[in-house]
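I am opening a notebook on this structure. The entries below follow the order in which I looked things up.

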Amino acid sequence: MSQQHAQYDLLVIGGSGVDTVVRVDALPVPLADSVHVGPIEEWPGHTGANVALGARALGLRVAFLDCIGDDHTGALVRERLAAGDVEFDAVISPAGTRRAVNLVDREGRRMSFYDARDPADLRMPRDVYLPRLRRARHVHLSIIGFTRFLYDDIEDLGIPVSTDLHDWDGLADHHREFALRSDLVFLSAEGAGEGTTALMREILREGRARTVVATAGADGSYVLSRDGGPTPHHVPASVPPAPVVDTNGAGDAYVSGFLYGMLGGRGLLECARLGAVAGAHACTAPGSTALITAEGLEPAGRERAGA
């Protein structure tokens, strides 16, 4: 089957950009007029692109759509996706390509300053995304403003959709539509803290999701589903195969691993184990460049599943 007529396992929409990474001794950075740091680096990626690249490295058939600028940073995004063999179609945004400045300490922890820059009226034309929606098994939407306007078409076509709310506290209005209109919801426990379980239950109760997954870094992840009981199932974190260099993109890698398992018909807890392995692997190189392959993921996943 030609690439033009291929069916996509995964269509990722929105969420690309370039990170400027500044390595510091510790966070928070002390107030000073000048702080000496190591080499400042630029890494193309961001959440949607990272999920697409991770899923493609695992062997899934992936397409990625986004609105980016006709600028230097947009060219970096295009080059990164092309190098990762991800089919990419871009709508040019006059506001330019999204950016972030990330401070990363010696333990790989980060503090991100995110420049979304998309105007409120930014939209992706239907003739760009509809042909790909019709050929996709699953859609993953980044929580970018324009992607919320795709939900009606996704629902009309009956395509399962996932999203990552990142560190949503349950209060910010921007995330709520994504939380309540997605079939599979990922979030970080960092945002809701002790209220994470209550927030997971609220998403299942108020929205269409059948499964909510909360990632918790070194504490692993928690999986709650409509038919799995009222208490989230805990899945331990995986031990990184090498020293931690950078936690940027670890959550995106987790999503890629989870979706790889789900699209392969695995059970939810095994999907979470695969996500944990992929997330740990992602921490071992800078700039979300440590992309695990299916060969690297599966032995660890089988070992853990049989433990």
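Which side chain meets that of Arg-208 in a salt bridge of 3.0 Å, N to O? I found that the partner is Asp-183. I use residue numbers that run from 1 along each chain as its sequence is written. The model is predicted, so I note that local features need pLDDT of at least 70 and side-chain atom pairs count only at pLDDT 80 or more, that totals for chains, interfaces and linings use all residues, and that side-chain values use heavy atoms, with hydrogens and water left out.

Entry on salt bridges.
I count a salt bridge where a side-chain nitrogen of Lys or Arg is within 4 Å of a carboxyl oxygen of Asp or Glu. I took helices (H or I, at least four residues) and strands (E, at least two) as DSSP runs, numbered from the N terminus. For the pair Arg-208 and Asp-183, I placed Arg-208 in the loop between H7 and S11 and Asp-183 in the loop between helix H5 (173-181) and strand S10 (184-188), so the pair ties together parts 25 residues apart in sequence. I call a residue buried under 20% relative accessible area, exposed over 50% and partly exposed in between (1.4 Å probe, protein chains only). Asp-183 counts as buried because its relative accessibility is 18%. Arg-208, at 33%, is partly exposed.

Arg-208 also has a salt bridge with Glu-155, at 3.5 Å from N to O. Glu-155 is in helix H4 (residues 151-157), and the two residues are 53 apart. I looked up the wider network and found Arg-148, Asp-152, Glu-155, Glu-177, Arg-181, Asp-183 and Arg-208 linked by salt bridges.

The count for the structure is 21 salt bridges. One of them joins Arg-106 to Asp-25, with the closest N and O atoms 2.8 Å apart. Arg-106 is in the loop between S6 and strand S7 (110-115) and Asp-25 in the loop between S2 and S3, so this pair ties together parts 81 residues apart in sequence. Arg-106 is exposed at 60%, and Asp-25 is exposed at 54%.

Entry on aromatic pairs.
I count rings of Phe, Tyr and Trp (its six-membered ring) as a pair if their centres lie within 6.5 Å; planes under 30 degrees apart are stacked, over 60 edge-to-face, and the rest tilted. There are 5 aromatic pairs. Tyr-151 and Phe-178 are edge-to-face because their planes are at 65°, with ring centres 5.9 Å apart. Tyr-151 is in helix H4 and Phe-178 in helix H5. Both are buried: Tyr-151 has 0% relative accessibility, and Phe-178 has 0%.

Tyr-254 and Phe-258 are stacked, 6.3 Å centre to centre with 25° between the planes. They are 4 residues apart in helix H8 (residues 250-263), which means about one helical turn separates them. Ring pairs link these two and Phe-186 into a cluster.

Entry on the cores.
I take a nonpolar core as a set of buried Ala, Val, Leu, Ile, Met, Phe, Trp, Tyr and Cys residues joined through side-chain atoms within 4.5 Å. The largest has 41 residues, and Phe-258 is among those with the most contacts inside it. With neighbours within four places in sequence left aside, Phe-258 is in contact (heavy atoms within 4.5 Å) with residues including Leu-184, Phe-186 and Val-213. A second, separate core has 39 residues, among them Val-128 and Ile-143.
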